[in-house]
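Here's a quick briefing to read with the model open beside you. Have a look at the whole chain before zooming in on single residues.

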Amino acid sequence: MKISEFFNKELIVTNMDAKCKEDVFDVLYKKLYENGFVKESYLEAIKKREKNFPTGLQLNRYNVAIPHTDPEHVVKPAIAIATLKNPVIFKNMANPLEDVEVNIIFMIALNESHSQVEMLQQLIQLIQNDSLLEKIISVNGGDEIIDCIKKYFNEEYVDI
């Protein structure tokens, strides 16, 4: 399955004005829940998991977080995205004592744990491309973000 199939324009928020990661969790959860992707238990589960297993990633130019939780909280698979007006603090996945100022959040909802590995590999490939992340941050709508990602994975994508 291609990663682009997990994205849905109704699950994308661009240029979000968030004060903290919980603000982002609340907004993305609401979109996932209202569109039938997750159960009511998802929000509390994602907050609890983030506390125990931080998902902030210190990258080159743009830092990313990939919060996720167990499949039992998910109805159907999706990835919600928030690009932020100003970074919010997440704890570093590699060193939970360090803070990471995150610019983009990919909130993952998967209903089968075995599908996670392949999707995460594609997501890691995506977030390691600085020019693609810059493009994702600069656009103003879910359709444009999905278009960028599809072009990238269809190899029509040329360095921006």
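What follows goes from confidence and overall layout down to a handful of residues.

This is a predicted model, so a few ground rules apply: local features need pLDDT of at least 70, side-chain atom pairs count only at pLDDT 80 or more, and totals for chains, interfaces and linings use all residues. Residues are numbered from 1 along each chain as its sequence is written, and side-chain values use heavy atoms, with hydrogens and water left out.

**Confidence**

- The protein chain has an average pLDDT (the predictor's confidence in each residue, from 0 to 100) of 91, and 94% of the residues score at least 70.
- Helix H1 (residues 21–34) comes out highest, at a mean of 98, while helix H3 (residues 114–127) is lowest, at 82.
- Watch residues 155–160, where the pLDDT drops below 50; beyond near neighbours in sequence, that stretch has 10 contacts in the model. Contact here means heavy atoms within 4.5 Å.

**Overall layout**

- You get five helices and five strands in the protein chain. These are DSSP runs numbered from the N terminus: helices are H or I with at least four residues, strands are E with at least two.
- Going along the sequence, the order is β-α-α-β-β-β-β-α-α-α.
- The radius of gyration (taken over C-alpha atoms) is 14 Å, which agrees with the value near 15 Å for a compact globule of 160 residues. That globule rule is 2.2 Å times the number of residues to the power 0.38.
- Along the principal axes, the C-alpha atoms fill a box of roughly 40 × 35 × 25 Å.
- Take the contacts between residues at least 6 apart in sequence: 69% of them join residues at least 24 apart.

**Surface and charge**

- Of the 160 residues, 49% count as buried. The cut-offs on relative accessible area are under 20% for buried, over 50% for exposed, and partly exposed in between (1.4 Å probe, protein chains only).
- About 8200 Å² of the protein chain is exposed, with carbon and sulfur atoms supplying 46% of that area. These areas come from the Shrake-Rupley method with a 1.4 Å probe; for residues, only the protein chains shown count as cover.
- There are 18 positive and 25 negative side chains, and the centres of the two sets sit 4 Å apart. Lys and Arg count as positive and Asp and Glu as negative, with His and the chain ends not counted; each charge is placed at NZ of Lys, CZ of Arg, CG of Asp or CD of Glu.

**Buried residues outside the helices and strands**

- Ser4 sits in the segment before strand E1 (12–16), and its relative accessibility of 12% makes it buried. Setting aside residues up to four places away in sequence, Ser4 touches Ile149 and Lys150.
- Val38 is in the loop between H1 and helix H2 (42–52) and is buried at 3% relative accessibility. Not counting residues up to four places away, the partners of Val38 include Tyr29, Leu32, His73, Val75 and Ala109.
- Asn92 belongs to the loop between E4 and strand E5 (99–109), and this residue is buried at 7%. Apart from neighbours within four places in sequence, Asn92 contacts Pro54, Gly56, Gln58, Glu98 and Val100. With Gln58, the C-alpha separation is 7.0 Å across 34 residues of chain.
- Val139 lies in the loop between helix H4 (130–138) and helix H5 (142–153), buried at 6% relative accessible area. Beyond neighbours within four places, Val139 is in contact with Thr14, Glu144, Ile145 and Cys148.

**Partly exposed residues**

- Asp70 is in the loop between strand E3 (64–65) and strand E4 (78–91), and is partly exposed at 38%. Asp70 and Leu110 are 40 residues apart in sequence, yet their C-alpha atoms are 7.7 Å apart.
- Which way does the phi of Asn15 go, positive or negative? Asn15, in strand E1, has a positive phi of about 55° although it is not a glycine. Most residues other than glycine have a negative phi.
- Asn15 is also partly exposed, with a relative accessible area of 45%.
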